[in-house]
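Hi,

Here is the model I promised to pass on. Have a look at it first, and then read my notes below.

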Amino acid sequence: MIVPDDLRYSTEHEWARPDGRKVRVGITDYAQDALGDVVFVDLPAVGKQIDAGSLLGEVESTKSVSEVYAPVSGTVRAVNDTLRDAPEILNADPYGQGWICELEVTDAAQVEGLLDASAYAKLTGS
Amino acid sequence: MHSTSLRRTALFDAHVALGAKMVEFGGFEMPLSYPSGTVKEHLSCRGDAVVFDVSHLGTVRVSGTEARVTLDLALCNDLTKIAPGRAQYTQLLNDDGGVLDDIIIWWVSTNVFDVMPNASNTERVLAAVGGDDVTAGRTVLAVQGPNARRRLLEIAPDAAGVGRFRVAPASVAGRAAVVAGTGYTGEDGIEIAVDNADASHVFAAILDAGVLPAGLGARDTLRLEAGLPLHGHELSETITPLEAGLGWVVGWDKAKFRGKDALLAQRASGLSRTLRGFSTSTRQPPRDGAEVLVDGATAGVVTSGNFSPVLGHGIALGLVSTSRPLEVGQRVQLNVRDRRLDAACVAVPFVKKKA
């Protein structure tokens, strides 16, 4: 499994890419592999305020549903609309074109509380 | 259920070597998908050919001069409608007409029948029909898709020519096999039974012939698009074949078979529920257990639902009340985890085999 060094991770298999007050969020390679072919992504509404650990959306494969939780608290500023018609991108490129949404973080220090790549790799046995 | 370890088919190592994701199913460790993924496997079956290891299905061999009579008493379809060298879909019912299992029978030769139940129901079928459980000694491969016969032509010309619902001995990649023109995908196809000792060789030859391996994930989405029932969903101990729209499986002309009295009574009094197909307009998969709502009121429940890779939107089968009959084209809603998906009642199969 791929675990990029420059990202932070939740124990629920989301990744976070901090960029100033914005954090781009997606699910990890481990998570997309466990799900299998993604056929539907339920994206959050832009403008929605969300607490860390709350439900951000759902990712569904033919076999199962996986909930996506906000790794940090913030306001949804953008969503990846491409996933509505081409959710398979999430399998092909989970850390790049398969991103789910961007949050404007409430407290930038929360990002520091997430796992780093080596801790996440250890968690998933990658 | 026993808490014993999971069974493996003779091809377990081959699946792992191909990179398959293995899951528990019916007491076996089976491939869910290969690295190509469920959607590609599904579309390859609709457009070319795939091969499934279906050795988890049981094989109960019933032999002898009384075998046909025994089976016709135990099972609801009528073997006198077919003959040696043919296959038949049938069901084991309880006294209430509920479906204990649905089964394919291969009438291998005059006094030899291979009765093939679902994996988890093999023991109850064995108890009902007697015979020998030969599941552990043989491997069954299902080669399915519009190009299945063409792909098999080089390695198994006899198998490639077996007719729909015909059963015949054949040589497959030089090994003795019994083959049948049966399957569970809605496509043309051939199922091949070989000794476990020949399984790896035959499987490898089929892959070399350009057939993509496919797992249980694709098997489920394929059968759903084809509108084929799955035991535990559209069929169960509390659902009769009539409710599931499978009246053609019932051998009414037989003097006696288990469940007949209950089915006669149900036919006389009319059905209180019936199976319908639904189509949604978005990609979100409807799931089993979702309520079917008509004008906001509960009218039934989804028994199977998923994303259709061919159609690009959700499809579902559901059991609905007959008190207000649902017509094709009628608008309904499917309540999937508290989200109401707009849907329409549609004809089944959702995807028809190309002519």
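How many bridges join strand β3 of chain A to β9(A)? Four, and the two strands run antiparallel. β3(A) covers residues 22–27, and V25(A) has C101(A) as its bridge partner in β9(A).

Some housekeeping before the rest. This is a predicted model, so local features need pLDDT of at least 70 and side-chain atom pairs count only at pLDDT 80 or more, while totals for chains, interfaces and linings use all residues. Residues are numbered from 1 along each chain as its sequence is written, chains are lettered from A and ligands numbered from 1 in the order in which they are written, and side-chain values use heavy atoms, with hydrogens and water left out.

**The sheet in chain A**

β3(A) and β9(A) belong to an open sheet of six strands with antiparallel pairing, in the order β1-β2-β3-β9-β8-β5. (Strands are DSSP runs of E, at least two residues, and helices are runs of H or I, at least four, numbered from the N terminus; two strands pair if DSSP finds at least two bridges between them.) The edges are β1 (8–9) and β5 of chain A, each of which pairs on one side only.

Going on from β9(A) (residues 101–105), five bridges link this strand to β8(A), again antiparallel. β8(A) spans residues 74–79 and is joined to β5(A), residues 49–50, by two bridges, also antiparallel. T75(A) is a handy residue to click on: Q49(A) has T75(A) as its bridge partner in β8(A), and T75(A) also stands opposite E104(A) in β9(A).

**Where chain A meets chain B**

Here 18 residues of chain A are in contact (heavy atoms within 4.5 Å) with 15 residues of chain B. The two chains bury about 1300 Å² between them, 45% of it on carbon and sulfur atoms; buried area is the accessible area, with a 1.4 Å probe, that two parts lose on being put together, summed over both. D37(A), V39(A) and T62(A) supply 41% of what chain A buries there, more than any other three residues.

There are four salt bridges between the chains, counted when a side-chain nitrogen of Lys or Arg is within 4 Å of a carboxyl oxygen of Asp or Glu. D42(A) and R339(B) form a salt bridge through their side chains, at 2.6 Å from N to O. On the chain A side, the elements giving two or more residues are α1 (29–35), β4 (38–42), β6 (55–61) and α2 (82–85).

**Inside chain B**

An automatic or database domain assignment supplies the bounds here: domain 1 is 7–55 + 135–225, domain 2 is 60–126 + 240–269 and domain 3 is 272–346. The C-alpha centres of domains 1 and 3 of chain B lie 31 Å apart, and their contact takes nine residues from domain 1 and 10 residues from domain 3.

Which residues supply the most of the area that domain 1 of chain B buries against domain 3 of chain B? T221(B), L224(B) and E225(B), with 62% between them, more than any other three. The area buried between the two domains is about 720 Å², and carbon and sulfur atoms give 73% of that. The rule finds zero salt bridges across this interface. On the domain 1 side, α2 (38–47) and α8 (216–225) of chain B each supply at least two residues, and α8(B) gives the most, with five.

Cheers
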